[in-house]
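Trainee: I would be grateful for a close look at a single strand of this model. Please describe its surroundings and its partners in one connected account.

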Amino acid sequence: MELNLGVMLHELTAVPETIRELKSAVWAAEASGGAANLTGALTTAFEILHRYNRTGQGCQCNQAIAVVGAGGGAGGVKAVFRTWNWPHMPVRIFTYRVGGDAASGHNMKDMACTNKGFHVTINDHGEIRGKVLHFVEVLARPMVMYQTIHPVHWSPVYVGGRSSNLDDDGMGQLMTSVTVPIFDRRNRTQREANLLGVVGTDVPVDQIKKLVPPYKLGVNGYSFMVDNNGHVLYHPALRPLHTNEEYTETLRPLYSSVDITDVELLVDSEENTRVNLTSLLLDLRHDMIEQREGETEMGIKVQYAGMRRVTTRRQRYFYSPVEGTPYSLAVVLPDGYGMYELQAEQEIKHSTINVTEFFKGDNWKIHPDWVYCEYASTSEQTFRSAEEQLVHFLSRAGRPGWKWMSLRPRALTLHNAHKKQDRDSYYCDKTLVQSLVRDAMVIKEVEAHIDKMNFKKNPLANLMVILSSQGRLHKFVVNLTFIATRSGLLKWNENINGSKSTDSSEPHFSEKYARAYDSEWYRRAVEHHSIEPESFVYSVPFRDGSEPEDFSGKPPLVLATHAVFIESRGHRAPAAVVGLYFELDSLAEHFLNVTSTCTAGGICKKTCAGDELDCYILDDNGFIILSEDVSQTGRFFGQVDGTIMDSLVQDRIYKKVTVHDHQGRCPDSRNPFSGDGNKLAPMKPLSWVGGYMVNLLAVWFPLWETIQARPHQHTDEELDYEDYENEDMENEDDPDRDRGTYEIIIDGLGGETPREGGAPPVSPGPPREPPREAVRSAAVRPCDTSAELFTLQSSRLNAAHPLKGKLTNCHNSGCER
């Protein structure tokens, strides 16, 4: 019987998604009737293998054809073998007889034995797995007979055991397994060339990441690795689930299907879907798969804060193969400031200073994921925190006989197996530790001699004065000032005059931002320094409008940060980020005081204190930092007033950037089952009956259903936008002017409706909030989501000629704004 699979006949990589596609094609195959054309199938298979051999594609290793069936249609196969495979037989034939008579079985066995293969008869479903794997032993025989080097195999990434980090959250971690075969090399009268088995070990991906220290890559720099299929081993944008049980459909098992094109989002002028990937990214992917060395430069989109913020920048990519593995490593650096680093260290070994004096108290932390110093895994030394471990090694460094041991211990091999590795052997990153000590010394000197520092030669001291001086910050209620440095050090000072939060469950600043170097505010501060060197970056907690408006007695805090750059020979490199944590109420009060009075000698008819004006301060992504209505703080401005936001986009004050998330999780509404298991209790049938009765009553009495009313914005009246500065509407013919409506989220559920006649849009009401991660549940499915985010175009802002506009008939009352 013939099956029409409806798939393209070519060589495919045996990755999970390909296997799933093949299985789906087999299950969906339609029987066309008649006997199986085995001769034609074998001819096609040989043609495919010959084509890949001739063109040098594929892995150029073992070649085999598997024949599964009852043995029918085997007539004429010897002619095929004579044409394509004999006499050298480069392709092995494996046959699996399922059913059929003895004669058919003899034909299939003859096919295998005359082509260096193996024949198996499968009589029961339970025999499939064990008997099918016999082909591995046959394919391994040449390796046993002729190879002296055991080939090493690295597996795709999967979720393994719990992390061994000091801040282990108890969840699974990504792992890869490395295995080598065990050959039977015993001397026999007749060599059997048996494969005895395999030996291997599991390697946490976090341990591989440690080989590329993040501090050497700088702020907003990162590294990633891909395998020979283009799938990501690790990447800062990779968000794996901790367990496959969160999927109702395991579309991406073992996380091996997260391609590099899923996480590197290129700047696309048309902002279309991923099919518009430029050749630069595809060339990078191809080179890394082929394990070539090279470099390139691309513009990418980077999203922060769970797809709430976005920025675009150009990045430099440097990539090279990892010897002895199927992986390639890429290092990515931001163009400009990312090409330089600050090199400043403090000698420890020969120093007369006790460096542990710079790490007293409990107002400092170091990056918990960075390796400053650590003992080997065989050591019995344990520490409660990364800080305790650091101080332990710093105290050892001050003793005679200290060695840095900046090279990790080599793994035992046949040549050094006789050497006994010290149980308490350790590794220390000399550059990182001495840079950390240098940063701590500078902070200590600033704190001790803040009035005597030369501000021009020491910009860090200048900023510390600004942040610490109550004379400069008397208008604000500052709770905490802090500094985070390039070496992963976070140090803070709490203001005893600042109000304390009454919520004991709220994590302390140091716990929330222990990884300060990786935090959003650190990265944004450095990014904005290149745009406006004197700027501070302000952040407030995100809100979606569902929170209580009174903040339950907890005043929200504003986080203000500023990047510190050091300049040398015309080049600038980031050294630290300083900032302060202060109460929003004090900033709002100061904002209203300033905007409610006229400038000296000026006459103003309207101020922010009146009812005629609504005043806001927006950040670079369109979120409200300050508003007269405190409950609007932290919300996206488009949710508060979509009409004005659309006008800002039309005038290119904000640019709309579409970000696609190919690792999204969506609630599976198609799944009728919950994530909880149900046990059949004695009273369970009664609960089923009760549930049935309730549902029956709901059908007969539909008025019982809850009715929810939602406000709908009036859309009948015409909107008109006028520019006070350009009454002749000279921008009307601007081809770059955006005239389409926008949505914050486009999950593929809806599209944009073009405006007729070029009329300005009517705000469809508050847009949907950006996608959040789905709750931990079994009723979750993987999906692709997208968000329309916004970024400020600072070049369009001009203090001398501020943008002014008027929106008419924007409300039901026909008012002007």
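**Strand β10 and its partners**

Mentor: Two bridges join strand β10 to strand β11 (residues 232-234), and the two strands run antiparallel. The model is a predicted one, and the description below should be read accordingly. β10 and β11 form a hairpin, with five residues between the two strands. Within that turn, Gly230 has a positive phi of about 80 degrees. On the β10 side of this pairing, Val226 has Val232 of β11 as its bridge partner.

Val226 also takes part in a second pairing: Ser328 of strand β14 stands opposite Val226. Strand β14 (residues 328-334) pairs with β10 over five bridges, again in the antiparallel sense.

The burial of β10 (residues 222-226) can be followed residue by residue. Tyr222, Phe224 and Val226 lie on one side of the strand and are buried. Ser223 and Met225, on the other side, are buried as well, so that both faces of β10 are covered. Because five of the five residues of β10 are buried, the strand is largely enclosed by the rest of the structure. Buried here stands for under 20% relative accessible area.

For wider context, the largest nonpolar core of the model has 53 residues, of which Phe359, Phe509 and Trp521 touch the most other members. Helix α11 (residues 430-448) gives the most to this core, with seven residues. A second, separate core comprises 34 residues, among them Val157, Val178, Leu284 and Tyr319.

Conventions: Residues numbered from 1 in each chain as written. Predicted model: local features only at pLDDT ≥ 70, side-chain atom pairs only at ≥ 80, totals over all residues. Heavy atoms only, no water. Core = buried A, V, L, I, M, F, W, Y, C linked by side-chain atoms within 4.5 Å. Buried < 20%, exposed > 50% of the residue type's maximum accessible area, 1.4 Å probe, protein only. Helix = DSSP H or I, 4+ residues; strand = E, 2+ residues; numbered from the N terminus. Pairing = 2+ DSSP bridges.
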